[in-house]
There are 2 protein chains.
Amino acid sequence: MDPVKSPDQVTIADVARHAGVAGSTVSYVLSGKRAISEVTRNRVLASVRALGYHPNAGARALASRRANVIALVLPLRSGMQVPVVMQFAMAVVTSARRFDHDVLLVTSDEGPAGLRRIAASAMVDGIVLMDVELDDSRVPLLRELARPSVLIGFPADAAGLTCVDLDFHRAGQVCVEHLAELGHRQIALLGAPAAVYDRGTGFAHRTRSGFTEAAARHGMTAVTRPFEEGAAAVRQGLIELLDHHPDLSALVVQNEAAVGPVLATLPTLGRRVPQDVSVVGICPDRFAEQASPMLTSVPVPAEEVARQAVALLMSKLRDEPVPAATLLGPRLTVRDSTAAPPAG
Amino acid sequence: MDPVKSPDQVTIADVARHAGVAGSTVSYVLSGKRAISEVTRNRVLASVRALGYHPNAGARALASRRANVIALVLPLRSGMQVPVVMQFAMAVVTSARRFDHDVLLVTSDEGPAGLRRIAASAMVDGIVLMDVELDDSRVPLLRELARPSVLIGFPADAAGLTCVDLDFHRAGQVCVEHLAELGHRQIALLGAPAAVYDRGTGFAHRTRSGFTEAAARHGMTAVTRPFEEGAAAVRQGLIELLDHHPDLSALVVQNEAAVGPVLATLPTLGRRVPQDVSVVGICPDRFAEQASPMLTSVPVPAEEVARQAVALLMSKLRDEPVPAATLLGPRLTVRDSTAAPPAG
DNA sequence: GACGTCCGTCGAAGCGCTTCGACTTGTCGC
DNA sequence: GCGACAAGTCGAAGCGCTTCGACGGACGTC
């Protein structure tokens, strides 16, 4: 047991000396890029442990031209969807670690310049972009960036990009189909806040189109409207909606923040759930399970999406071909908030 | 306009050549660590822009022994508090960028080994640790790590550490004082889920102690109990609580997820807010404003806490002395959910 | 007018790692 | 028993940057 050379950091040279081999040999043991004899490998690994060696990330990045870091770009405007975004972020980190990568958290508030900086400085090998809008200013940049990237969500023009997302169009359909089977004929979609549609956020538009199309196919009467967040706004919206469409027997809610208020308000308007009106949510399972009654829902499988995104990015980093679009099939979980429409 | 040398990356040598100076001069222009004449500086900066130069992060880190990156360590168990955690994270990123630092997102699921790896590999210069528990296994590690760190939250033994947080003890007091002024005598604290107390999470315990102490000081009758999340659980909890303590005229709710259900449930139990019972929330302003009625609340100033944490860390990186504890004063915003108790 | 003093700039030496020949053995085929 | 070849290891050359000491010239001083 020598006293450690530098108090600051154990280098590969220290390990080499301790194990009685060349520095390059240590490197090859650690990377596995050349054959090393069993005995040497073990000796080296023992020294690594004995000295508590961790390769210097900067030096490694410089020499190998790989930082082993990916960027996760989040929207700064964190308005809605916060828990889902969080779930994504955590899952991206966990997935990346499985591939021995770390995650640099980047917000969009620096704008394209921020992305450019991160990419050009070789801080990261690849980029995962969240909360993509239909017409996203960061997207053209991505194409010219010369670093592989994966988008969570679909922009209007996805040519040349790799995108992953829940199939929201299908999700809209699935909700309608479930209600159709139960016998509902008059349904409504309570969507995201108007601002989200205006912003051209893909999932909101795609859910609506799936919803509308499936309703038409089943000969149902369907209305859709944006819904603001907040208990008071939800109550007001519901009153107006039921006033204009008193025969509605089912609602699809795509707005996490509105789920609770909707369920709380309906009974006060004389509509029991599910006897008088059925409710389907497009929201995380946690919300659905905590609601009362427990909500029939289509969750956004954040973890699965994140895992896929990271896996795709890793493939691209290895120059393997990947599919341009990955759409995850929605699963609808039936709980206590949906039933057949009232007899009348 | 030369054609760019390497398609891959513009180096400092390219800039130097383009500007007709030495590489070191470019470096000094960019870092400002030595005097450079106005004319040279401008020529260099022009070349930097013309070539679109961005320093290679790895090389810079290697040579300067500063990565210009800080680690943000989040709990993996993201159970409650998700929006607040998210707010913290975003604010940490934004604040760090002001100091020209980036943020590496780390989860606790690798355990101490993960922290050790990050620190030893010199990937980050410092660490911000969130969601600290009273007896946190990562804390002892932090002391031996030789990288500066700042905690958001307080462990039981904070010796030798730098901690920032809302003064939850005071927050509990402030809520009580507001209710005392209105004339309430019988109050209750609806706390975090039992698991959070069991885990020894500091803010929950400290709020409770502040609440209890202030109530005693004002001669009020005070009960406290953990509250689970979920609409049904809240309803059940409220029913039991009001059953045992029918004279309660005010509630303090420290559980974001319970705020909505509490407000929705009380009227169904024949208690109007605020005429029959007042409610104070300890929750983000967004929740309070979206509630109906709008909630008198003490927000957790996530952005301010994050900003402080980053600023403290930057001071430590510059070897400046910093206070061991930074407690932010709570502000109570009066809205529509509190009033004098009913006359009877 | 000779001498210290700055100011502004340069060249070179690393930072700790990966990677590319090249070299030394041992092994096999015939 | 000799060439061919593979397996295992080493040394050295960078990767792109920062930083230190040195150096030339402009300036002020006595």
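**Close-up views of a predicted protein–DNA model**

**View 1. A:Asp165, tucked into its strand.** At 6% relative accessibility, A:Asp165 counts as buried. This is a predicted model, and the residue to find here sits in strand β5 of chain A. What does the side chain of A:Asp165 pair up with? Its partner is the side chain of A:Arg206, through a polar contact of 3.3 Å. Setting aside residues up to four places away in sequence, A:Asp165 also touches A:Gly153, A:Phe154, A:Thr326, A:Leu327 and A:Leu328, along with A:Arg206.

**View 2. Helix α14 of chain A and what covers it.** Helix α14(A) runs over residues 302-317, 16 residues in total. From first C-alpha to last, α14(A) reaches 22 Å, close to the 22 Å expected at 1.5 Å a residue. Which residues of α14(A) are buried? They are A:Ala302, A:Val305, A:Ala306, A:Ala309, A:Val310, A:Leu312, A:Leu313, A:Met314, A:Ser315 and A:Leu317. An α-helix has 3.6 residues a turn, so residues three or four places apart point the same way. The cover over the buried residues of α14(A) includes the strands β1 (69-74), β3 (126-129), β4 (149-152), β5 (163-166) and β11 (325-328) of chain A, plus helix α5 (82-98). Past the end of α14(A), look for A:Asp319, whose phi is positive, near 65 degrees.

**View 3. A:Val44 and its valine company.** A:Val44 belongs to helix α3 of chain A, residues 38-51. Is A:Val44 buried or exposed? It's buried, with a relative accessible area of 0%. Not counting neighbours within four places in sequence, the contacts of A:Val44 are A:Val15, A:Ala19, A:Val21, A:Val26 and A:Val29. A:Val15 is 29 residues from A:Val44 along the chain, and their C-alpha atoms are separated by 7.2 Å.

**View 4. DNA strand C against both chains.** There are 28 residues around DNA strand C, and A:Ile12, A:Tyr28, A:Arg34, B:Thr25 and B:Thr40 come nearest. Of the strand C atoms that come within 4 Å of the protein, sugar and phosphate account for 57%. Two side chains to zoom in on are those of A:Tyr53, with an N or O atom 2.6 Å from a phosphate oxygen, and A:Arg60, with an N or O atom 3.1 Å from a phosphate oxygen. For a base contact, go to B:Ala63, where a polar backbone atom lies 3.4 Å from a base oxygen of strand C. Helices α2 and α4 of chain A and α2 and α4 of chain B each supply at least two residues of this surface. Which element gives the most to the surface near DNA strand C? That's α4(A), with four residues. By class, the surface near strand C has 13 nonpolar, 10 polar and five charged residues.

**View 5. DNA strand D against both chains.** Strand D has 28 residues around it, with A:Thr25, A:Thr40, B:Ile12, B:Arg34 and B:Tyr53 coming nearest. Sugar and phosphate make up 56% of the strand D atoms that come within 4 Å of the protein. On the base side, a side-chain N or O atom of B:Tyr28 is 2.6 Å from a base nitrogen of strand D, and a backbone N or O atom of B:Ala59 is 3.5 Å from a base nitrogen. The elements giving two or more residues to the surface near strand D are α2 (23-31) and α4 (57-64) of chain A, together with α2 (23-31) and α4 (57-64) of chain B. Here α4(B) gives the most, with four residues. The class split for strand D is 13 nonpolar, 10 polar and five charged. For a phosphate contact, check B:Lys33, which has a polar side-chain atom 3.0 Å from a phosphate oxygen of strand D.

**View 6. Cysteines of chain B.** How many disulfides turn up over all chains? The count is zero. B:Cys175 is in no disulfide, and the nearest cysteine sulfur, that of B:Cys283, is 9.9 Å away. B:Cys175 counts as buried, at 0% relative accessibility. B:Cys163 is buried too, with a relative accessible area of 0%.

**View 7. B:Arg217 in helix α10.** B:Arg217 is found in α10 of chain B, which covers residues 202-217. At 49% relative accessibility, B:Arg217 counts as partly exposed. Leaving aside neighbours within four places in sequence, B:Arg217 is in contact with B:Gln173 and B:Glu177. B:Gln173 and B:Arg217 are 44 residues apart in sequence, and 9.9 Å apart in space from C-alpha to C-alpha.

Methods. Residues numbered from 1 in each chain as written. Chains lettered and ligands numbered in written order. Predicted model: local features only at pLDDT ≥ 70, side-chain atom pairs only at ≥ 80, totals over all residues. Heavy atoms only, no water. Expected span 1.5 Å × (residues − 1). Buried < 20%, exposed > 50% of the residue type's maximum accessible area, 1.4 Å probe, protein only. Contact = heavy atoms within 4.5 Å. Near = heavy atom within 4 Å. Polar contact = N/O pair within 3.5 Å; in protein donor to acceptor, adjacent residues only side chain to side chain. Nonpolar A, V, L, I, M, F, W, Y, C, P; charged D, E, K, R; others polar. Disulfide = S-S within 2.5 Å.
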